[in-house]
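Please open the model in your viewer and set the side chains to be drawn as sticks, so that rings can be picked one after another. The tour moves from ring to ring.

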Amino acid sequence: MTDQANDHSLELTPPPTSTERTFSSSNRERSGQRSGGPDDKKAIVRSDLGTILLHWTLVIAIVTSLVTGLRLSADAEGAWFSPIFEPILPQGEIWTWHYLSAVFVLALIFSYAAYMSAARLKRRISSKKIVVLSLPASNKLRIAAVNVIAYWLLFGAVLTLTVTGVLLYLGHGGLWVTVHYISALTVMGYIVAHVVLHYFYGGVAQLLRLFRPQPLRQFAGMGRYPLLKSLALGGVVLAGAVALDLSTRGDLYVSQASALPELDGVLDDDAWQDARPVFVRTHQGAGLEGTGESTVEVRAAQVGDKIAFAFRWEDANRSLKRHPLVKTEAGWKMLNNRADISDETAYYEDKFSVAFSKTDAFGGGDSTHMGPKPLGDKPASLHKRGLHYTTDGSLIDVWQWKASRGGMLGKVDDMWFGTPLEPSEAQVAGKKRYSAGYGADEGKSFYVYNYKKQAGSDYQGTVDVLRLPVDFRKTAALMGHLDMSIEATDDEGSQWWMFDAESVPYSAEKDAEIPVNTVIPGVLITGEYLGSRADLDGGAKWQDGYWTLEVIRDMDTGNDQDLPMEDGLFVWLSVFDHNQTRHTRHSRPVRLTFN
């Protein structure tokens, strides 16, 4: 927000007195100018130092907030506008910069408003100037009036951004995400309009005035040190916002129980009766009836050297169909929409993830790095959306429940975020997914995939099947009612995987027995969980639009890839509604509290 080249009033002013004429004339003579001379027209236009300082500081904060916001927006499924700016958008740990710049914008707005009031500069944005649009007036006055309208549109957009930003930070998504996005686009439009209006108002000189400081003009009744006082107010707002955030974080209190709960996905055990629940609003995920939102209820109880957690979250549909296989005239096809880039959002199982970190840093404990290639010396992710890793050598303990890959069979996958691993040749060549600092604990899982991508395929053609059902009719019965809609609720007790005893290695002869349009599972359960990866036992149940998951683990497993359960750990939660990576998120973790 800059000063106009003049502050015209619509009122007629009386002609100057002889004294005033003499004073003005003597001033011009001392500066080597004559009244009406050419130098009058070429006088350098300047702005006061306070305006320049606050203006450019606010510009930096707003631009930082906008470009980081565009990076986050570009990650949304179906985004088209934000990706246009891909070449200039920042990469890496974006969340911290986005949140901090937003808080600085808030503080600077208070500072700027206070400065304009204290320095008697409110006339710059006076709505009285708008009246010239209905009267005969010069183009310059009309441009000044339009600029005032633009100022007030900016104020409205920034206020909306602030309110919706706070709502998003507190976990409210849905419509507020759209309103926040539109407000950001409005601010972007204002920046362009602001520059254009000032150029047409006074040319390049008008734009350069914000690089040419001059002392603030003094008016009667003006207080001392308006800039210093305004900056102090901004500092108070900044400190207050941070303090309010930190003091209102939630705690997940761990109760003491005498017996471990039965892992059946039903919260009727004694262990849960005294466990105080906390509710975490998560949002901006895929699916979930188009809202992308799911509120998660969490409870925790300690029983001796064991700890138990209960998680209950909203999900309207029970989804177990992870990349099922259907037989066509051309061969077996794996159903998917973006399996080739590890960004499936159609034929996938429901999942749930909980992460424990020693830091409450933004971005899931400073583990989320956005952009197509956030690690410059490492491969990009296949989906070009970002990577999980830490940069300080720290470890984040990640538990991931996968409905069709052991989740309904009593297992929760024990995983981690940490220092990025060195890529393999296939990963460098882009032939295999590179996961940076995201991996499974040492050991072995008991699930594998029942298909193999054919050379040169992107999963849109046929695939090689590893095992076929011993009895395809029995396998079909185990899968329950067959509804291939991606939003269908799979039957209670349905089985979208095959055990070794239910399948045989692929052969052309066995394949010939199976009719076209037959559907079989894309997951095989073989062997058993081993090592640190097998530390977690769980039980889950879906009912009436909610998943309930119970998990038990040792307080301290003694494994280097696990964190001991202790006071002060921060807990992050993610809901996956039949999608691979587009989970819900939340900005503020809850703190694990034993005392």
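What follows is a walk through aromatic pairs and charges over rings in a predicted model.

In this model the count of aromatic pairs comes to 22. Begin by selecting Tyr-199 and Phe-200, whose rings form an edge-to-face pair, with 5.7 Å from centre to centre and 80° between the planes. Colouring by accessibility will separate the two partners: Tyr-199 counts as partly exposed, at 42% relative accessibility, while Phe-200 is exposed, with a relative accessible area of 59%.

Select next Phe-309 and Phe-356, an aromatic pair that is tilted, with the centres 5.5 Å apart and the planes at 55°. Showing the backbone here makes clear that this pair links distant parts of the chain, since Phe-309 belongs to strand 6 (residues 306-314) and Phe-356 to strand 9 (residues 351-357), 47 residues apart. Both Phe-309 and Phe-356 are buried.

Keep these two rings selected and add Phe-311, Trp-313, Phe-352, Trp-399, Trp-401 and Trp-547, which ring pairs link with Phe-309 and Phe-356 into a cluster.

The remaining stops concern lysines placed over rings. Centre the view on Trp-496 and display Lys-321, which lies over the face of Trp-496 at 5.7 Å from the ring centre. Then go to Phe-576 and display Lys-351, whose charged end sits over the ring of Phe-576, 4.4 Å from its centre.

How values were computed
Residues numbered from 1 in each chain as written. Predicted model: local features only at pLDDT ≥ 70, side-chain atom pairs only at ≥ 80, totals over all residues. Heavy atoms only, no water. Phe/Tyr/Trp six-rings, centres within 6.5 Å; stacked < 30°, edge-to-face > 60°. Buried < 20%, exposed > 50% of the residue type's maximum accessible area, 1.4 Å probe, protein only. Helix = DSSP H or I, 4+ residues; strand = E, 2+ residues; numbered from the N terminus. Lys NZ or Arg CZ within 6 Å of the ring centre and 35° of its normal.
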